[in-house]
Every structure is written in C-alpha cells, then in structure tokens.
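User: I would like to learn how to read the features of a protein model. Please take me through them one at a time.

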Amino acid sequence: MERKLKLIWDFRGPTALKTAAHHEIHLKEYIILEKLSLSLTGYQDINEMHSIAYMVVTDSEMKKVRDSLKPHRGQLYEE
C-alpha cells in the first residue's frame with residue numbers, strides 16, 4: 001500500500017480560520033481538476049491566531065501537487 005502524505009498550508013491572524021476554510025474549497029477543486037486518487041481535505045483551528053488547511057495525497061502524486069500548490073509543510077498521514 002502506498003504511503004499517504006498530509007500537505008499543510010498555515011494561515012495566521014484574526015481571519016485565519018475563515019481563510020483556511022476558503023482555501024479548502026480550492027483544494028477540493030484542484031483534486032477534481034487533476035483527477036487525484038484521494039479526496040481527503042480539511043481545515044483545522046490550531047488556536048485563535050493560527051489555522052491550517054490540508055489535503056492528503058499519495059506518495060506518487062506528492063511531487064506534482066507540491067510543485068503546483070506550494071504547501072508550507074507536510075507530514076505522514078496516519079488514519
């Protein structure tokens with residue numbers, strides 16, 4: 001089974017959560033346009049001034065997505 005990676009975009013400031021939620025919409029659109037094998041996305045409030053948006057990709061798709069969307073960081077995804 002292929003490894004799954006969580007690509008993360010960080011947003012900071014008083015509107016971070018709203019920005020992260022909006023960014024997730026664009027991540028979902030990208031998944032459809034590029035016909036990626038996984039469609040797992042989300043956003044999360046870390047604290048009142050920091051939120052993230054994320055998408056999970058397979059190891060084989062990671063470089064293409066990373067180079068196109070330029071996430072701030074990534075980590076192994078464990079279900």
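Analyst: The following dialogue treats the sheet, the helices, burial, charged pairs and aromatic rings in turn. This is a predicted model, in which local features need pLDDT of at least 70, side-chain atom pairs count only at pLDDT 80 or more, and totals for chains, interfaces and linings use all residues. Residues are numbered from 1 along each chain as its sequence is written, and side-chain values use heavy atoms, with hydrogens and water left out.

User: How should I read a sheet, and what is the order of the strands in this one?

Analyst: Strands of a sheet pair through backbone hydrogen bonds, either parallel or antiparallel. Helices (H or I, at least four residues) and strands (E, at least two) are DSSP runs, numbered from the N terminus. Two strands pair if DSSP finds at least two bridges between them. Here four strands form an open sheet in the order E2-E3-E1-E4, with antiparallel pairing. Strand E2 (41–47) and strand E4 (73–76) stand at the edges with a single partner strand each, so one side of each has no neighbour in the sheet. From one strand to the next, the twist averages 30°.

User: Over how many bridges do E2 and E3 pair?

Analyst: E2 pairs with strand E3 (residues 50–58) over six bridges, in the antiparallel sense. The two strands form a hairpin, with two residues between them. Asn47 stands opposite His50 in E3, and Tyr43 is opposite Ala53 in E3. The antiparallel pairing of E1 and E3 runs over nine bridges, and Leu7 faces Met55 of E3 across it.

User: Which helices pack on the sheet, and how are their directions described?

Analyst: Contact means heavy atoms within 4.5 Å. Axes are lines fitted to C-alpha atoms, for helices over the stretch in contact, and angles run from 0 to 180 degrees between N-to-C directions. Helix H1 (residues 16–34) packs on the sheet and touches strand E1 (4–12), E2 and E3. The direction of H1 makes about 15° with that of E3. Helix H2 (residues 59–69) lies across E1 and E3 and runs at about 135° to E3.

User: Is E3 mostly covered or exposed?

Analyst: Buried means under 20% relative accessible area, exposed over 50%, and partly exposed in between (1.4 Å probe, protein chains only). E3 is mostly covered, since nine of its nine residues are buried. His50, Ile52, Tyr54, Val56 and Thr58 point one way from the strand, while Ser51, Ala53, Met55 and Val57 point the other way.

User: What is in contact with Trp9?

Analyst: Trp9 lies in strand E1 and is buried, with a relative accessible area of 3%. Leaving aside neighbours within four places in sequence, its contacts include His23, Leu27, Ala53, Met55 and Leu69. Trp9 and Leu69 are 60 residues apart in sequence, yet their C-alpha atoms are 9.5 Å apart in space.

User: How many salt bridges does a search of the whole structure find?

Analyst: Side chains of opposite charge can pair when their charged atoms come close. A salt bridge is a side-chain nitrogen of Lys or Arg within 4 Å of a carboxyl oxygen of Asp or Glu. The search finds six salt bridges. In one of them, Asp59 pairs with Arg3, and the closest N and O atoms are 3.2 Å apart. Asp59 lies in helix H2 and Arg3 in the segment before E1, so the pair ties together parts 56 residues apart in sequence. Asp59 is partly exposed at 29% relative accessibility, and Arg3 is partly exposed at 45%.

User: Where do Lys64 and Glu34 lie?

Analyst: The side chains of Lys64 and Glu34 meet in a salt bridge (3.3 Å, N to O). Lys64 belongs to helix H2 and Glu34 to helix H1, so this pair ties together parts that are 30 residues apart in sequence.

User: Which residue lies over the face of Tyr54?

Analyst: A charge sits over a ring if NZ of Lys or CZ of Arg is within 6 Å of the ring centre and within 35 degrees of the ring normal. In this model Lys6 lies over the face of Tyr54, at 4.3 Å from the ring centre.
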